[in-house]
Amino acid sequence: NCDRNTFIHRLGIDQLHPDGTLKLDPSGAPIPTYDQRVIAEMAKVFTGLSYSSTATNPNFRAGTANYLRPMQMYPALHEVSSKSIVGGRVLPANQSGEQDLKDTLDTLFQHPNTGPLIARQLIQRLVTSNPSPGYIYRVAQRFDNNGSGVRGDLGAVVREFLLDYEARSPSLGESASFGKL
């Protein structure tokens, strides 16, 4: 139906500092963002979610895959137990599938890894493959707060990474290891 692990993998497997560098435990090992238990709990959030159907009596298992319409929740097939998801958040029992999904997406959006990961990926795909931690930090900070207290303002994030000194510096642009064609 949907790749349930994709959502959690977008956070990265290890915890990050705001500049995108790894957080390390006292022994110098990266600190995991989640474990197998969290993956199993998060998979419960997506139970009952399948392809959209316009049939009068839609069938979860035998319906035709409709890739053009949003997926739909089949409430009778949704796991209604409580779920302990990433970041230690616990979703209460007996919520609708839609509410579990909304709460999970909100949790992922608010996770501290989200800003640095989005910053790194946008910079790597559109400016340079090897951004500095400072560059990632500046863009991640703009994701966290657009200057007006709004988190996730992609317009502000795009302006930040395209107008940043490192994106426009003539000296960096001359380096063979910097930039995109």
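In this predicted model, K44 pairs with E41 in a salt bridge, with the closest N and O atoms 2.9 Å apart. The two sit three residues apart in helix α2, so about one helical turn separates them. That fits the usual helix geometry: an α-helix has 3.6 residues a turn, so residues three or four places apart point the same way. K44 is partly exposed at 25% relative accessibility, while E41, at 15%, counts as buried.

The count of salt bridges comes to eight, and some of them reach across the chain. K83 meets D100 with the closest N and O atoms 2.7 Å apart. This pair links distant parts of the chain, with K83 in strand β3 (residues 83-84) and D100 in helix α3, 17 residues apart. Both partners are tucked away: K83 is buried with a relative accessible area of 1%, and D100 is buried at 0%.

Another bridge joins D164 and R138, at 2.6 Å from N to O. D164 lies in the loop between α6 and α7 (165-168) and R138 in helix α5, so the pair ties together parts that are 26 residues apart in sequence. Shared partners then join R138, D164 and E166 into one network. Within the pair, D164 is buried at 5% relative accessible area, whereas R138 is partly exposed at 31%.

D14 is another story. This residue, in the loop between α1 (4-9) and α2 (36-45), is buried yet has no salt bridge. The nearest side chain of opposite charge belongs to R120, 11 Å away; a salt bridge needs the nitrogen and oxygen within 4 Å, so R120 is out of reach. Apart from neighbours within four places in sequence, D14 is in contact with L22, P30, I31, P32, T33 and N113.

Helix α4 (residues 114-126) has 13 residues, which should span 18 Å, and its end C-alpha atoms are indeed 18 Å apart. Its buried residues are T114, G115, P116, L117, A119 and I123, and the buried residues of α4 pack against α3 (97-110), α5 (133-144) and α6.

Out at the surface, V158, L162 and L163 make a nonpolar patch of about 250 Å². L163 belongs to helix α6 (residues 154-163) and counts as exposed at 55% relative accessibility. N94, in the loop between β4 (90-91) and α3, is exposed too, at 65%. Most residues other than glycine have a negative phi, but N94 has a positive one of about 70°.

Note on methods
Residues numbered from 1 in each chain as written. Predicted model: local features only at pLDDT ≥ 70, side-chain atom pairs only at ≥ 80, totals over all residues. Heavy atoms only, no water. Helix = DSSP H or I, 4+ residues; strand = E, 2+ residues; numbered from the N terminus. Buried < 20%, exposed > 50% of the residue type's maximum accessible area, 1.4 Å probe, protein only. Lys, Arg positive; Asp, Glu negative; His and termini not counted. Contact = heavy atoms within 4.5 Å. Patch = residues over 30% accessible without salt bridge, like charges linked within 9 Å, V, L, I, M, F, W, Y side chains within 5 Å. Areas by Shrake-Rupley, 256 points an atom, 1.4 Å probe, with all protein chains shown as cover. Expected span 1.5 Å × (residues − 1).
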